[in-house]
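Got your viewer open and your selection syntax ready? Load the model below and follow along, one selection at a time.

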Amino acid sequence: MMVDATLTQVGKNLSEAMRILGDGQMELEAGTERRFSRISIPGPLQGDGQDVATILHLVHNLIHEEEDEEEEEEEEDRPNQQMRNVGEQGHMALLGHSLAAYISVLDRERLRKLTTRILSDTTLWLCRIFRYENGSACFHEDDRDGLVKVCRLVINARYEDYATEGYTVLSSKQPVIYQSASCRPGLGQHLCSQLGLPLSSLCTVPCNTIFGSQHQMDVALLDKLIKEDIEAGKLPLLLIANAGTPGAGHTDKLSRLKELCEQYSLWLHVEGVNLATLALGQVTSAIMAATKSDSMTLTPGHWLGLPAVTAVTLYRHEDPALSLAAGLTSSQPVEKLRALPLWLSLQYLGHNGIVQKIRHATALSQQLLQKLKSLASIKTSCLQDVLEALKMVEDELNSPVVLFKFSQEMSAGSSGGSVDGFCAGEKEVLSTFNRWLGEQLAQLVPNSGVAVVELEDEGTCICFSPLLTAAVLGTQQEDVEDMVEKLVELVPLMTSTMSLRPDFREEIHHHSPSLTYIEELSWPGLGAVRYELQAEGVDESRRKQGLEKINNELLKKLQDLDTDIIFSTGPEFVAEENCIFVGMVSEDVDVSELVDTIAAMGRSIEENGRLLENMTEVVRKGILEAELQLQKASEDKLMEEGMLRQLPLVGSVLNWFSPVQSDIKGRTFNLAAGSLDSSEVTYSTKAQAGRPSLQDTPPSSSKRLLGQRLFRRPGASSDSMSETSSVGQTEETSREESTAVSCSIHPPTSPSELETTQCPASDVVQETPPDTSEQVHTQVEAEEAEEERQPEGQEVEQSGR
């Protein structure tokens, strides 16, 4: 069989382009000069042009370029997974776009015949696959354009003089378009803007609130609204119904809506993801009613994993002239080539391949639904629950969209404390936890394709709609199993955290005013706390700076603890500042010990800060006193030795013949007492001879065994225990508090050493608490920069010599 050489070359070029774009490690061919260096900056057009390989590499770099390395790590998997799972049927769709450009240059007669065949084949296949008899098809890029053109068709059909008089004929009877409150946001406004209609022409019908699903259109109320509009002199024009709402995947009562539309001569348009199930062998009666509608919009690109494939609107109308006027059909052959990518893809998949992809997606939904029924604290809020409550037949329980959320009684499991104030924000807290759960599932199981949706009645829920994601992401049954395993791990963590939130708040209230509980309903964790300054008489600016400093240091110390609890600064754009947010916790966490530790560490940081400020003042005064004594010693030396001994040459000769025995003694600064003392006692008694040097001091060792975790109740697990509990049995109260906050220090050698031992500043700092040792050492060095520093273990003398 002869094949056009150009068609063969188009296919080869597409395969080569996909290979280059998909292979990130491929280098340019030898001898090819790379003409671009900074691809993110636009530059002038090259004068001599570039070869195909260079251009494709440029496109590859532009696709995979990331401005930030962290952002690249987070998003690098998503585009790769999508391109990896598109498969050859996706390549056929891409080939269709290339062939459409090639076919458009054919002579007009050949182009007309070819496009007519492509359009008629695709329309016939889609009508048979989705059970829409005697229908026509409109192919459009924006999935809303088909509905816009259908509205134009209905306006032309209901207003006889519209073609000649235009919008002036609408003033006699204002058209009305009805849509469900569960329709996708902005659809009605888009219709009005494209058709030039006022927003008063849009009527939103509420959903059921007592009987049936809360996401299904209220048919009785719709009937009442239509009658009121007719009595007001308006013209009911079109009704938009859902076969799978965007959020919950619910289907309206299409049979009753169709009867109502026939009664009032309304056009019934149906859209939604559940229309994909029309291709299956067994279709529920609720979805089957969509085949009797006047038009419906399909998105086969999402359902079959086909990139850049148009949406399709199937409709029934007998007047081709009105269809042409509305834009549903076109006399331009090039416009008909929009169906070419879908025409190629449908042939590549075949009827069995199309049905298999849709059946696989629905099987994934049923698999997850069955697994979720056995999980505690997980509530499925989808059409299955509604139908089961109404005792519908079994074949109605096959919704391809599964909606679930975490749900728990707020007071359940609480060990104490009132939860009245917390229950006021129960819905918002549950939405926060479900938002966290959805984000965790999407991150841990990226192939699942789960998404977080916001519903008016249920709040935040997690939506699993494999018809929209499975074909692109390649979702398999193993991914559903993996998602259920992650749920089993995360749900107990959320349950325990939710139960311990009131206890955490009550424990913080017991430590008031040193700790303040921060009510942040948007935080998915145990809660937020802030340590408050206990100092009085501090102005607002200094108090704010002190709060920020203490809480930042407290956060760092908490993050360094050996525990599974995550401490952070919280979400972005929080109303409160200088807070510490505590993440999810397990059921064996001792909340009382956790809060006690936070309070103890905060007090330690504040006290050490005060000690540092006092020590700084003592050092400053000591330096001033030392300067005065040095000046006095210099004057005494001058008076004792005389003027001649101060001359460089004469003084050296006199000192050689007649050495001077000076009575001026050295000085040492006692940091503990804050005073300058004589160094004579030090050298006469040689008190430092037996003092161990800094290098000989044994290092501090942790009392906690390897593998143990903080804040665990005794006996909660066999391999972990509370560090504070084990230390508290053998140590004194002060030692226990020090160990609980992981701040052990070296005790002095003897009780009197701190008071009597004369030591340099570097040695005195060793006796200070560990939180301030480095700061004091730095302060002393900065203020004594002009003085001579002696090696460690020696005295700093102020001698007249």
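Here is a short walk through a few helices and strands. Keep in mind that this is a predicted model.

**Stop 1: a buried strand.** Select residues 136-140, which make up strand S1. Four of its five residues are buried, so S1 is largely enclosed by the rest of the structure. Now add residues 311-315, strand S7: five bridges join S7 to S1, and the two run antiparallel. For a single pair to zoom in on, show Phe-139, which stands opposite Val-312 in S7.

**Stop 2: an open sheet.** Jump ahead and colour S8, S9, S11 and S10, in that order; these four strands form an open sheet with antiparallel pairing. Which strands stand at the edges? Those are S8 (378-380) and S10 (451-455); each has a single partner strand, so one side of each is left without a neighbour in the sheet. Look at the twist too: neighbouring strands here are turned by 40° against each other on average, ignoring direction.

Stay with S10 and add S11 (residues 459-464). The two pair in the antiparallel sense over five bridges, and Ala-451 sits opposite Cys-463 in S11.

**Stop 3: helices on the sheet.** Bring in H15, which packs on the sheet and touches S8, S9 (402-406) and S11. Its direction makes about 30° with that of S9. Next, select residues 426-444 for helix H18. H18 lies across S8, S9, S10 and S11, and runs at about 25° to S11.

**Stop 4: a covered helix.** Select residues 466-473, helix H19. How many of its eight residues are buried? Six of them are, leaving H19 mostly covered. To see them, show Pro-466, Leu-467, Thr-469, Ala-470, Ala-471 and Leu-473 as sticks. Just after H19, check the backbone of Gly-474: its phi is positive, about 75°.

**Stop 5: two helices side by side.** Finish with H15 (residues 340-372) and H20 (residues 477-510), whose axes come within 10 Å and cross at roughly 25°. Angles under 35 degrees count as roughly parallel, and H15 and H20 are therefore roughly parallel to each other. The crossing of H15 and H20 is right-handed.

For the contact itself, show these side chains:

- From H15: Leu-364, Gln-367, Leu-368, Lys-371 and Leu-372.
- From H20: Gln-477, Val-480, Glu-481, Met-483, Val-484 and Leu-487.

Colour the contact residues of H15 and H20 by type and you get seven nonpolar, two polar and two charged. While you're looking at the spacing, recall that an α-helix has 3.6 residues a turn, so residues three or four places apart point the same way.

Technical notes: Residues are numbered from 1 along each chain as its sequence is written. This is a predicted model: local features need pLDDT of at least 70, side-chain atom pairs count only at pLDDT 80 or more; totals for chains, interfaces and linings use all residues. Side-chain values use heavy atoms; hydrogens and water are left out. Axes are lines fitted to C-alpha atoms, for helices over the stretch in contact, and angles run from 0 to 180 degrees between N-to-C directions. Angles under 35 degrees count as roughly parallel, over 145 as roughly antiparallel, 65 to 115 as roughly perpendicular and the rest as oblique. A crossing is left-handed if the near helix is turned anticlockwise from the far one by less than a right angle, and right-handed if clockwise. Contact means heavy atoms within 4.5 Å. Ala, Val, Leu, Ile, Met, Phe, Trp, Tyr, Cys and Pro count as nonpolar, Asp, Glu, Lys and Arg as charged, and the others, Gly among them, as polar. Two strands pair if DSSP finds at least two bridges between them. Buried means under 20% relative accessible area, exposed over 50%, partly exposed in between (1.4 Å probe, protein chains only).
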